[in-house]
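Please read the following briefing alongside the sequence and the coordinates. It covers one helix and its surroundings, and then a single residue elsewhere.

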Amino acid sequence: MRRVKIFSGSSHPFLVEAICERLGASKAKVDLKKFSNGETSVSIETSIRDQDVFVVQSGSSNINDSIMELLILISACKSGSAKSITAVMPYFPYSRQSKKKSHRGAITASLVANLLSVAGIHHAITVDLHAPPTQGFFGKPVDNLHAEPLIARWIKTHVKGWQEAVVVSKNPGGTKRVTSLADALKLNFGLVTTARRRTAPHGSLENSMFLSGLNSSNHSLENTDTSPPNGTVTDGPRSPHRHPQRSPPQANGIGPTSVPYRHLNNNRELGSSPLTQSTRLESGSPPTTRLPPYNEPVTNGYAGALGLDEEKAEDEDDSGDEYTDERARDVITGRLIHGHIVDDDAPSPIPSTMSNSIATLPGEVMGHPQTDGLDPMTSSFMSTTSAFQPDHGLGGSVHDAAGQSDDEEAGFKNPELEHTITLVGNVRGKIVFIIDDLIDQCGSWIAAAETVVKRGDARKVYCIATHGIFGDDSLEQMEACDCIDHIVVTNTYPIAAERVKASRKLVILDVSNLLSEAIRRNHYGESISALFQHYLD
């Protein structure tokens, strides 16, 4: 390729050499060094005037040095009158910090994108952004390439019996990526999700006094006669209606004193307020939506109340039970302590909250508020306040944030926390592909692998990701896990040679062909749509 210069940063020189070899070019000469105080110095030793320049620099263990080196190299190319400058970042630095997680947090991915634009890039090429909307942070075009076709081709070539495999997401945030690969390979997919054990709100005087106040108000409400006057039907506290003849009939305990009613076309319907819905669910009543008029006889319990004949009601009940039983077979739960699956009778590390709270609700057992016996309004409020955490002011709670990998890893390391892990999908006797965009910490990967093997009876587990960051000793821990058979990543992120040699399960896929073709098509102004296609046959 003429009038093209490819510069290599110091983060991943082996990948740049593979890209240049496929393009039939050589790396442009540049002098990269550091001063004694740690400052980065860049000196370009070839002419780049009116040429297309591609600077290849991926994230690395020295992430901040890699970013600064990339920015200085781009600025030097801009000063050298390059025609266009394209930053090729196989792993985009700070891609996981693409949104504000707290009031005083920073959107660091946006900051890095702004720095690259100010430095002078005209284009950016990357692979599998952690959050695809990050492309909008740039004021320049961004090509977010996918490693999915490469991974799918490797699976079809190297995994025996892949046609009967199941693709599994280790958290709810990766379902779109998992379903995309499952659709490409025409496979079934599943989901693994973890949740911390909920504890009752305690530890503050205000919460304890407020909850005890709710409890006392509940007792006063129970002793109050809520029956309406003769001929009166209540629809909430401010909507009285009068019937000229008599009160509505009670069918199986459903009457004016148990749920609110309202007029509609001379019929009686159940109110659609949250209070009514909560009452029906907690009392075990079916989801009834209509009661017969007052002049209609009530027959056969709920069937008569619904205006259905007996046979039709029985058929509907049977079909509902069959549907529920069928779904229940594909949902498996387990307990996680210290990030590992334990038996159901294993002791829990969660301390009792009875001694920590100043005043607790009656019926509270092991930190779990029991709402039996409370009025529907109190029950609904309790389910809301128990999940609310003031330190998550942007919405959601600790339990909502637990779907994020970083929060999961922090929870797994806490010896006083227990997690409930749920597997949705049938993996019995099958090969399982656990998919995500990167592997940094290993806690969620090991937990998902143990769940599908020890609870779901899977036959073999492949942990597959695009970026193999492997922070701390995560690669060694995954290597020691008996439930993980293979670890498959690409070479977008540099992995130390000694770690690669010491691993028996690690498989590294080469993305140099993908990146080199993207560079060639970008230089000649060709479409890159073909790089997103699957060629499995």
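Helix H2, where helices are DSSP runs of H or I with at least four residues and strands are runs of E with at least two, both numbered from the N terminus, has 17 residues and reaches 25 Å from its first C-alpha to its last, close to the 24 Å expected at 1.5 Å a residue, the expected span being 1.5 Å times one less than the number of residues. The model is predicted, with local features needing pLDDT of at least 70 and side-chain atom pairs counting only at pLDDT 80 or more, while totals for chains, interfaces and linings use all residues. Residues are numbered from 1 along each chain as its sequence is written, and side-chain values use heavy atoms, with hydrogens and water left out.

**Helix H2 and its surroundings**
- The buried residues of H2 (buried means under 20% relative accessible area, exposed over 50%, partly exposed in between, with a 1.4 Å probe and protein chains only) are Ser66, Ile67, Glu69, Leu70, Leu71, Leu73, Ile74 and Cys77.
- Among the elements covering these buried residues are strand S1 (4-8), strand S5 (84-89) and helix H3 (108-119).
- Just after H2, Ser81 takes a positive phi of about 65°.

**Met68**
- Met68, found in helix H2 (residues 63-79), counts as partly exposed because its relative accessibility is 45%.
- The C-alpha atoms of Met68 and Thr40 are separated by 7.5 Å, although these residues are 28 apart along the chain.

**Ser474**
- Ser474 lies in helix H14 (residues 474-480) and counts as buried, at 1% relative accessibility.
- Leaving aside neighbours within four places in sequence, Ser474 is in contact (heavy atoms within 4.5 Å) with Asp440, Gln441, Cys442 and Arg499.
- A polar atom of the Ser474 side chain lies 2.9 Å from the backbone oxygen of Asp440.

Note on methods. A polar contact is a pair of N or O atoms within 3.5 Å; within protein, one must be able to donate a hydrogen and the other to accept it, and residues adjacent in sequence count only if both atoms are side-chain atoms.
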